[in-house]
Amino acid sequence: EDESDYAIFDPCAGDGEAIVELARAWWPKDATRRGVKIYANEMELTRYEALANRKGHDGLGYRWPETTHGDAFALQWDKAKVSILFLNSPYDLDKEHGRLEEKFLLRFVDTIREYGALISLVPFYALAKSADTIARHFSQVHCVRFPDGDFEIFKQVVLIGKKHAPLLDPDPAIRAQVLRWATDPESIQRTWSEPFFDVYAHGTDGFDSLKMYPLDINKMLQRAKPW
């Protein structure tokens, strides 16, 4: 297939090192990199400046159609069809969704085209709040622990799933499996096996537009009441 048609999206990209290294691993040949589209967003200014500096200067030849700076929840887009969503959101609680990781997943799950892939890095226990969402939107769901020595620090796992049209009700088997992973880290595999599934390129993959919704700073300051 024409690998130049792939589009990958990282809404919490930091300085871009993770998404570039993943892309380098997925497309190791120089000739296949030139059309791979990387969409990335970062909120913190110093990391965003490092991310933006990669655009056109990564030495690898990837295309960077949009690199945005700001709150990921202020992003707006048209006709999103992302081949791969790489989601490494902040780890925290959320008043509405229980976990901030679930809030990010709900926000960006619909950017993935059908049969595209989610790759999510989360603490294993955060999966409990996302079990229904994962079981509604994904099949061929797999979970792998970080290596011993690294896992003990943040309890991180990599969850991978293949996107399909959302179900009315969560798939009970997938939901049960995700809940088991969330409560029993010993049930999570420790090593990578053969590739879990294939993701194929489509000529329309990417965003028709991706931009940061402007904030009315003056009005926000007028309404701000310290303490």
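Residues are classed here by relative accessible area, with buried meaning under 20%, exposed over 50% and partly exposed in between (1.4 Å probe, protein chains only). The structure is a predicted model, in which local features need pLDDT of at least 70 and side-chain atom pairs count only at pLDDT 80 or more, whereas totals for chains, interfaces and linings use all residues. Residues are numbered from 1 along each chain as its sequence is written, and side-chain values use heavy atoms, with hydrogens and water left out.

Salt bridges were assigned where a side-chain nitrogen of Lys or Arg is within 4 Å of a carboxyl oxygen of Asp or Glu. In general, side chains of opposite charge can pair when their charged atoms come close. The structure contains ten salt bridges. One of them joins Arg 99 to Glu 101, with the closest N and O atoms 2.8 Å apart. Arg 99 is buried at a relative accessible area of 11%, and Glu 101 is likewise buried, at 4%.

Arg 145 takes part in a salt bridge with Asp 148 (3.5 Å, N to O) and in another with Glu 186 (3.4 Å, N to O). The latter pair connects distant parts of the chain, 41 residues apart: Arg 145 belongs to strand β9 (residues 138-145), while Glu 186 lies in the loop between α7 (172-183) and β11 (209-212). Helices (H or I, at least four residues) and strands (E, at least two) are DSSP runs, numbered from the N terminus. Through shared partners, salt bridges unite Arg 145, Asp 148, Glu 186 and Arg 190 in one network. Within this network, Arg 145 is buried, with a relative accessible area of 7%, whereas Asp 148 is exposed at 54% and Glu 186 is exposed at 54%.

Strand β9 also pairs with β10 in the antiparallel sense, over six bridges; two strands are taken to pair if DSSP finds at least two bridges between them. Phe 138 has Lys 163 of β10 as its bridge partner. Strand β8 (residues 112-123) likewise runs antiparallel to β10, to which seven bridges join it, and Pro 123 stands opposite Gln 156 in β10. Eight of the eight residues of β10 (residues 156-163) are buried, so this strand is largely enclosed by the rest of the structure. In a regular strand the side chains alternate between the two faces of the sheet. Both faces of β10 are covered, with Gln 156, Val 158, Ile 160 and Lys 162 buried on one side and Val 157, Leu 159, Gly 161 and Lys 163 buried on the other.

Aromatic pairs were defined by centres within 6.5 Å for rings of Phe, Tyr and Trp (its six-membered ring), with planes under 30 degrees apart counted as stacked, over 60 as edge-to-face and the rest as tilted. Twelve aromatic pairs result from this rule. The ring centres of Trp 26 and Trp 27 are 5.7 Å apart and the planes lie at 85°, so this pair is edge-to-face. Trp 26 is partly exposed at 30% relative accessible area, whereas Trp 27 is buried at 3%. For Trp 192 and Phe 196, a centre separation of 5.8 Å accompanies planes at 45°, so the pair is tilted. Trp 192 is exposed, at 51%, and Phe 196 is buried, at 17%.

Ring pairs further link Phe 9, Tyr 39, Phe 73, Trp 77, Phe 104, Phe 108 and Phe 207 into a cluster. A charge is considered to sit over a ring if NZ of Lys or CZ of Arg is within 6 Å of the ring centre and within 35 degrees of the ring normal. The charged end of Lys 103 is so placed over Phe 73, 4.8 Å from the ring centre, and that of Arg 107 over Phe 108, 5.8 Å from the ring centre.
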